[in-house]
Amino acid sequence: MLAICPGSFDPVTHGHLDIIGRAAALFDDVVVAVGRNSAKNYLFTLDERLELMRATTGHLPNVTVAALDGLLVDFARARGAQVLVKGIRFASDFDFELQMAHINAVVGSVETVMLPASSQWATLSSTMIREVASYGGDVGAFVPEVVALKIRQQSSRLEQADG
Ligand code: PNS
């Protein structure tokens, strides 16, 4: 069975990779759908987020990465996927994801499987990482090295542009 792991992954964290790795162990194949949430200001472009996701999931043979443009259920249907996998940290994630699961079941006839975030990453968020990174803080504990490096490069580019 094929499952989709959707998100904006800005940046991809150890928490995301934990969910993707567990989904890859549960399902035959996984497509990571890297999308755009119009309510968010992004640190990285879609191409950069795709590149970082490919670099950090390359060791998982049954995982592929693709850009998500449009409705998630259309993306799932176009690939013949019947399952969406979502990571759940707090009750607020559940409240939001429950609503999305109902909409996506009605609009696209897809199931949603919710995996509890592993305790080690249970409070991690890309939003917090962007906040720390924007002040030049060290986020190396929360993201793979290739991502931390890209964040450092981005910060120094922004500083040069400012200065
Ligand atoms: O959790 P994220 O990072 O905010 O997720 C972003 C993304 C792009 C995966 C999400 O916004 C999405 O699925 N967008 C596609 C539009 C859609 O299908 N929305 C859900 C039904 S309202």
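Select A67 first, together with V34, L46, L50 and F75: A67 touches these four residues, leaving aside those up to four places away in sequence, where a contact means heavy atoms within 4.5 Å. The model is predicted, so local features need pLDDT of at least 70 and side-chain atom pairs count only at pLDDT 80 or more, while totals for chains, interfaces and linings use all residues. Residues are numbered from 1 along each chain as its sequence is written, and side-chain values use heavy atoms, with hydrogens and water left out.

Keep A67 selected and display its strand, β3, which covers residues 63–67. Helices (H or I, at least four residues) and strands (E, at least two) are DSSP runs, numbered from the N terminus. Is A67 buried or exposed? A67 is partly exposed, at a relative accessible area of 35%; buried means under 20% relative accessible area, exposed over 50%, and partly exposed in between (1.4 Å probe, protein chains only). Add V31 and draw the C-alpha to C-alpha distance to A67: 9.9 Å in space, for a separation of 36 residues in sequence.

Move next to the loop between β1 (2–7) and α1 (14–26), where P11 is found. Select D10 and P11 to display the peptide bond between them, which is cis, with omega near 0 degrees. In the loop between β1 and α1, select F9 as well. F9 has a positive phi of about 50 degrees, although it is not a glycine. Most residues other than glycine have a negative phi, and most peptide bonds are trans. F9 counts as buried, at 7% relative accessibility.

Now go to S109, in the loop between α4 (91–108) and β5 (111–116). S109 is not a glycine either, yet has a positive phi of about 50 degrees. With 61% relative accessibility, S109 counts as exposed.

Finally, show the whole chain. Its elements run β-α-β-α-β-α-β-α-β-α-α from the N terminus on, giving six helices and five strands. The radius of gyration is 16 Å, close to the 15 Å that the globule rule gives for 163 residues, so the protein chain is as compact as a globular protein of that length; the radius is taken over C-alpha atoms, and the rule is 2.2 Å times the number of residues to the power 0.38. Along its principal axes the C-alpha trace spans about 50 × 30 × 30 Å. Of the 163 residues, 45% count as buried. Among contacts with a separation of 6 or more, 76% join residues 24 or more positions apart.
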